[in-house]
Amino acid sequence: MSVANPLIDQFSRRISYLRLSVIDRCDLRCAYCMPERMTFLPKAEVLTLEELHELALGFIDRGITRLRLTGGEPLVRRDMIELVRALGRKLGAGDGATGGEGRLEELTLTTNGTRLAEFADDLAAAGVHRINVSLDTRDRAAFAKLTRRDSLPQVLAGIAAAREAGLKVKLNTVALKGVNEAEIPDLVGWAHGQGHDITLIEVMPLGEVEQDRFDHYLPLSQVRAALERRWTLTPSDHRTGGPARYADIAETGGRLGFITPLTNNFCDGCNRIRVTATGQLYACLGGTEQVDLRTALRSADPSRELAEALDLAMRIKPARHSFAIDRAGAAPALARHMSTTGG
Ligand code: SAM
Ligand code: SF4
């Protein structure tokens, strides 16, 4: 399918993947993600359902083929499922409503799983095939301490409901020294036993939290070495269009992903951009380059202003991020929390 005006950045990278945050609020308070007393945005600043839809269609017209909805926690937004249904209609051949130029190949979601049991069937019916569920521990007390909410039973019920509904579940686990380090092999074994892929992630220095992330930063090279003492890991060519690199584990028969923004920079093949729930486009997860799409959407000529804003984003997308967690007491690399861009 040809796209009249594809999104290509100043380094000739074709941008085909959008992570769209639908809300900045969350029902958990993961200690590495946000403080207990997180300041959320006034609701009036958040895009309406219609604006989110219009924005997503604008991106699809410019060649975005993969769209991931995220948050905050996307499933705490009340009208969220209506957006999923509307975007689900753009999957496959599309309905021509945007001029027939763009076509969505995949619609996915990243969730903490607390409300998944309620929505799994609706998501599947809307055309979602795969979802990512974040799960850092299966120990109820450790989960309650880490997320500051005692919600593990709901999350596990949500994962089970998703599987029942026919959704392919991938688990995402942030590796944390002194928190889940010892449990990671069991978590991987459990995930594979349930038929779920699982990806490990290094903690990133985004936004002030109460703790010093240096205390819990765990390079995945160490985790991998520990797993290799237990199992046979073979590097895999599998790619999902994202930064994860995979290994197959012979003994479990499952696949394990590694996302290593700190130990191994993955920016050369970056194909993605992020938009917050207030319509701020961030050209890089690890940068401050920003374009205000809400003003474009609310202007007298939204389609022209949006096109210009997206062209600007392509000109300012940086070559790479430069995070580090290399000393105690350092300020976060960025003031922005991960919950603003949704990962
Ligand atoms: N609330 C949803 C969830 O938890 O899946 C979606 C948003 S959350 C910000 C997306 C992902 O970012 C989660 O997998 C979470 O573990 C991860 N995350 C949050 N803060 C992080 C940080 N500072 N470093 C690395 N990953 C982080
Ligand atoms: Fe909420 Fe997700 Fe951040 Fe945890 S990681 S506090 S679930 S946004």
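These entries record what I looked up around ligand 1 and in one pocket of a predicted model.

**Entry 1, the shell.** I began with the residues around ligand 1 and found 18 of them. The closest are Tyr32, Gly72, Thr110, Ser134 and Met204. I then sorted the shell by class: nine residues are polar, six are nonpolar and three are charged. Next I checked which secondary structure elements supply the shell. Strand S3 (106-111) gives at least two residues, and helix H10 (338-341) also gives at least two.

**Entry 2, polar contacts.** I looked up which atoms of ligand 1 pair with polar protein atoms, taking N or O pairs within 3.5 Å. Glu73 has a side-chain N or O atom 3.3 Å from a nitrogen atom of the ligand. At Thr111 the partner is a polar backbone atom, which lies 3.2 Å from an oxygen atom of ligand 1. Ser134 uses its side chain: a polar atom there is 2.5 Å from a ligand oxygen atom. I also noted the cover: on its own, ligand 1 has 540 Å² of accessible area, and the protein covers 94% of that.

**Entry 3, the second largest pocket.** I turned to the second largest pocket, whose volume is about 330 Å³. Its lining runs through Val22, Ile23, Asp24 and Arg25, then Lys43, Ala44, Val46, Leu47 and Thr48, and finally Val76, Arg77 and Arg78. How many of these lining residues are charged? I counted five charged residues, with six nonpolar and one polar. Among the residues that line this pocket are Asp24, Arg25 and Lys43.

Terms used: Residues numbered from 1 in each chain as written. Chains lettered and ligands numbered in written order. Predicted model: local features only at pLDDT ≥ 70, side-chain atom pairs only at ≥ 80, totals over all residues. Heavy atoms only, no water. Near = heavy atom within 4 Å. Polar contact = N/O pair within 3.5 Å; in protein donor to acceptor, adjacent residues only side chain to side chain. Areas by Shrake-Rupley, 256 points an atom, 1.4 Å probe, with all protein chains shown as cover. Helix = DSSP H or I, 4+ residues; strand = E, 2+ residues; numbered from the N terminus. Nonpolar A, V, L, I, M, F, W, Y, C, P; charged D, E, K, R; others polar. 1 Å grid on protein atoms, 1.4 Å probe; cavity = no way out; pocket = protein on both sides within 12 Å on 5 of 7 lines; lining within 4 Å. Points joined across faces, edges and corners; volume = space filled by probe spheres on them.
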